[in-house]
Amino acid sequence: MNRRTVLAAGASLVSLAAVAPAGAAGAAGASANEAPITGLAEFTKTVSEDRTVSRRTVTFRNGQIDMAGVIFEPADMEKGKAYPAIVVVHPGGGSKEQTASLYAYRFAQQGYISLAYDASHQGESGGMPRLLENPTVRVEDVRSAVDYFTTLPVVDRERIAAMGICAGGAYAINATMTDHRIKAVAGVSSFNMGDGFRKGWFGSGTVEEQLATLRNVARQRTAEANGAEPAMFPYVPDSPEGVTDPEQVEVSEYYRLANRWMHANSPNRFLASSTDKIYAYDAFTNIGVLLTQPLLLIAGSDAGTKWHSDRAFAEAASAGEKELFVVPGGTHMSLYDRDVGKAMPKLLEFFGRHLDNPAI
């Protein structure tokens, strides 16, 4: 088994040629040199003008729920050929139109079919009640996306992978632990919703604080059962105004500023009744036994959430290969858009090896 931690300085990206398969350095370098796309309007314009990638909306099922997704794929696909495919899972509070589509688009530029979708109960996907963040259902979303891939003749069933950003990274890893159709998995700025809600952004929350939160949620559930309106909590600060923590400023700007990635399907709210479900969840339970596929974790050196990636890396004892790739100066949010060019070469090298993608 291959165990390694890589520190990725900007200048060291060229060293990927030494470890990538033949042809990978060129593709990885091209992706690394792409100018960052830091806003939804810019992204929409870029995709609409790119004749090398096609984009189409799709629907698929997670049980009784209709899921809304968007597929990015190479525009010049050969008739009758089956391609490697990647399921891309969006962050908590996000939507398919944001960073998930940005990564999916970059993968399609390099020869992959990639799918970004809205989580159950969120965005354009179905499911009631609305704005529920249920980790168990979110993990089943990933498996259902793989189900959908297996129905497409253009997808090679033996070359399917998953990756996710923030909560999506942890959900993708958790799904991979029990779905061996997923041949490799990557998490970018991974955030284990259970740990993150229990312990806070920096992992310093106390048991007393956790129990107090659960008592408040219990009272709210009782109120709602007796006719009160469902309570909603924000994922991030509604405005960066007055926010002092740099990463919380970043996350608010990303989601709530019109010139960044603000989107109507990402309203910055989740049902308070999600909290007890999230508290009971841990994405990395049994990772040391059940995760046997290759694992790549990418995190910024300055991310307050890096401890999630550190934990997954330390505990993934049975992974066929595991790697923690650290981006110097990177933050949790920089890997959503500004530092995508630093993450993509490593993602392409990793998936290129494990999905045997001849295009890179």
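Here are some short exercises on this predicted model, each with a worked solution.

Ground rules: residues are numbered from 1 along each chain as its sequence is written, and side-chain values use heavy atoms, with hydrogens and water left out. Since this is a prediction, local features need pLDDT of at least 70 and side-chain atom pairs count only at pLDDT 80 or more, while totals for chains, interfaces and linings use all residues.

**Exercise 1. Work out what share of the protein chain is buried.**

Step 1: Pick the cut-off: buried means under 20% relative accessible area, exposed over 50%, partly exposed in between (1.4 Å probe, protein chains only).

Step 2: Apply that to the 360 residues of the protein chain, and buried ones come to 57%.

Step 3: Add the secondary structure, which is 12 helices and 11 strands. Helices (H or I, at least four residues) and strands (E, at least two) are DSSP runs, numbered from the N terminus.

**Exercise 2. Decide how enclosed helix H5 is, then look at the residue leading into it.**

Step 1: H5 covers residues 167-178 and reaches 18 Å from first C-alpha to last, close to the 16 Å expected at 1.5 Å a residue. That expected span is 1.5 Å times one less than the number of residues.

Step 2: Count the covered positions: 11 of the 12 residues in H5 are buried, so the rest of the structure largely encloses this helix. Among them are Tyr171, Asn174 and Met177.

Step 3: Step back to cysteine 166, in the loop between strand S6 (155-165) and H5. Cysteine 166 isn't a glycine, yet its phi is positive, about 60 degrees. At 8% relative accessibility, it counts as buried too.

**Exercise 3. Find the backbone oddities in the loop between S5 and H4.**

Step 1: Strand S5 is 113-117 and helix H4 is 135-150, with proline 129 in the loop between them. The peptide bond from methionine 128 to proline 129 is cis, omega being near 0 degrees.

Step 2: Histidine 121 sits in that loop as well. Its phi is near 75 degrees, positive in a residue other than glycine, and at 7% relative accessibility histidine 121 counts as buried.

**Exercise 4. Say which residues of helix H11 are buried.**

Step 1: H11 runs over residues 306-315 and is mostly covered, with 7 of its 10 residues buried.

Step 2: Go through them by name: Lys306, Trp307, His308, Ser309, Arg311, Ala312 and Phe313.
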